[in-house]
Every structure is written in structure tokens, then in C-alpha cells.
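Subject: Structure handover

Hi,

Here is the structure I promised to pass on. Have a look at it first, and then read my notes underneath.

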Amino acid sequence: MKIQKPKLQNKLPEIIDIIELLQEAKENETEIEELHIKGACLVGEDIKGIRFNQVFFENSRFHECDFEKCTFIDVIFKNCDLSNCDMSQAYFNRCEFEMDKVLGAKFKESILKDVSMIESNFQYVNFSETKMNVVEVYGSNFESASMADCQIKNLKCEKAEFIKTNFFRTPLKGIDFTKSTITGMIVSAEGTELRGAIVDLYQASELAKLFGVVVV
């Protein structure tokens, strides 16, 4: 699996105060592009429907902001706090989350294509009904996150934590979990989601517990 990385210019204009920029983009239906947004701090801001193109967010805080139906193309979030943000029905293409805090955010019904999630915290995040294609996860935490009713293709995960993660009605065929942690996974009573998933012997014994099987 070869993932396409964000395509950004080497030197982007740096900006901190983006309130006026966001308002202008909403009023004129224009996109925010080719910027390095560093040290921004927004709480509860309505950013709904804005398009971001070639933007590098760094050391910024967007707490409980509404990014619903936003478009992110060639975008990097690094050392950012996106806790409790609403990114439902958003579109992500060639994007990267690196060392971010994304606790309790919503990505419901979003599309993620060529997206990297690196050493980030996605605990309690709602990915329900999301479509993922060519996504790599490294060193990230998905404890108690919901990935129910998702369509997942070409997912590569390493050193990821899927503890009490909800995969209800999400087919996991072909996904290799052997380099990650999976405990307390939530699936349907029949466990059909697990058909074709790649696990090691220890993980298989953990999954067997879901169905009352004791491996000795």
C-alpha cells in the first residue's frame, strides 16, 4: 500500500489570527489556501463548509469547533488540539494528523483518502459510517472510539491501540492487526466483522473471549 502524502510548498506564509480569514471565506465562499497557521486558538467557532487547501496547522487549538462538511486537501495538523470538534461529513484527501489530541471528535459520515494518523490520540472519536481508503495509522490510540458501519479499504496499522473499539458492522477483511493492540473489541454477536482479519495467536485468543471460548 502506497499512501500519497500532503503536497505543500516549502515556505508558506505564517499566520496566527484566522478569525477574519474564516469569516471572509464563509461570506465569499472562497477557500483558505497556502498558509501556515501556527499558534491559533479557537473555541466553539463555526467553521462549517470551508475548504482548506495546502494548509499546515501547527500548535493550534480548535476546541469544540464545527468543521462539518469542510474539505481538507493537502493539509497537515501537527501538535494540534481538535478535542470535541465536529468534522462530520467532511472530506480529507492527502492529509496528516501528527501528535494531535482529537479526543471525542466526530468524523461521522466523512471520507478519508490517503490520510496518515501518527502518534495521535483519537480516544472516544466517532468515525461511524465513515469511508476510509488508503489510511495509515502509527502509534495512535483509538480506545473506546466508534468505527461502526464503516467502509475500510487499504488500512495499515502499526503500534496502534484498539481497546474497546467499536467495529460493529464494519468488515475487517484483510486488515493486519498483528503489530497493534486489540482488546475488548466490539462486534456483532455473530462476529462476521472479523472474517478475514489478520491477527496473531495471542490476539486470536483474546477475540475468542468475545464468544465465550476459553483458549488454554
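L194 sits in the loop between β12 (181-183) and α2 (201-208). Is L194 buried or exposed? With a relative accessible area of 15%, L194 is buried, as the cut-off for that is under 20%. Its contacts, leaving aside neighbours within four places in sequence, are L172, M185, V187, L207 and F211. If you want a feel for the distances here, try going from L194 to E31: the two are 163 residues apart in sequence, and their C-alpha atoms are 41 Å apart in space. Do keep in mind while you look around that this is a predicted model.

Now for the overall picture. The protein has 2 helices and 12 strands. Starting at the N terminus, the elements come in the order β-α-β-β-β-β-β-β-β-β-β-β-β-α. Along the principal axes, the C-alpha trace spans about 60 × 30 × 25 Å. The radius of gyration is 18 Å, which agrees with the value near 17 Å that a compact globule of 216 residues would have. Of those 216 residues, 50% count as buried. The protein exposes about 10,800 Å², and 47% of that comes from carbon and sulfur atoms. As for contacts with a separation of 6 or more, 13% of them are between residues 24 or more positions apart.

Next, the strands. A good place to start is β4, which covers residues 51-58. Why do I call β4 largely enclosed by the rest of the structure? Because 7 of its 8 residues are buried. Strand β4 pairs with β2 (residues 32-38) in the parallel sense, over 6 bridges. You can find this pairing on screen by looking for E33, which stands opposite N53 in β4. Strand β4 also runs parallel to β6 (residues 71-78), and 7 bridges join these two. Here F52 has F72 in β6 as its bridge partner. Remember as you step along a strand that, in a regular one, the side chains alternate between the two faces of the sheet.

F72 turns up again among the aromatic residues. How many aromatic pairs does a search of the whole structure find? It comes to 21. One of them is F67 with F72, a tilted pair with 6.0 Å centre to centre and 50° between the planes. F67 counts as buried, at 1% relative accessibility, and F72 is buried too, with a relative accessible area of 0%. Then there is F142 with F162, which form a stacked pair: the centres are 5.3 Å apart and the angle between the planes is 15°. This pair links distant parts of the chain, with F142 in the loop between β9 (131-138) and β10 (151-158) and F162 in strand β11 (residues 161-163), 20 residues apart. F142 counts as buried at 1% relative accessibility, and F162 does so at 2%.

On to the cysteines. What does a search of the whole structure give for disulfides? The count is 0. C41 is in none, and the nearest cysteine sulfur to its own, that of C65, is 8.6 Å away. C41 counts as exposed, at 52% relative accessibility. For C70, the closest cysteine sulfur is in C85; at 10 Å, that is too far for a bond, because the two sulfur atoms would have to be within 2.5 Å. C70 is buried, with a relative accessible area of 1%.

One last residue to look at is D66, in the loop between β5 (61-63) and β6. D66 is buried, with a relative accessible area of 18%, which puts it under the 20% cut-off. Leaving aside neighbours within four places in sequence, D66 is in contact with E45, D46, I47, K48 and D86. D66 and G196 are 130 residues apart along the chain, and 37 Å separates their C-alpha atoms.

That's it from me, so over to you. Happy browsing!

Technical notes:
Residues numbered from 1 in each chain as written. Predicted model: local features only at pLDDT ≥ 70, side-chain atom pairs only at ≥ 80, totals over all residues. Heavy atoms only, no water. Buried < 20%, exposed > 50% of the residue type's maximum accessible area, 1.4 Å probe, protein only. Helix = DSSP H or I, 4+ residues; strand = E, 2+ residues; numbered from the N terminus. Pairing = 2+ DSSP bridges. Phe/Tyr/Trp six-rings, centres within 6.5 Å; stacked < 30°, edge-to-face > 60°. Rg over C-alpha atoms; globule rule 2.2 N^0.38 Å. Contact = heavy atoms within 4.5 Å. Areas by Shrake-Rupley, 256 points an atom, 1.4 Å probe, with all protein chains shown as cover.
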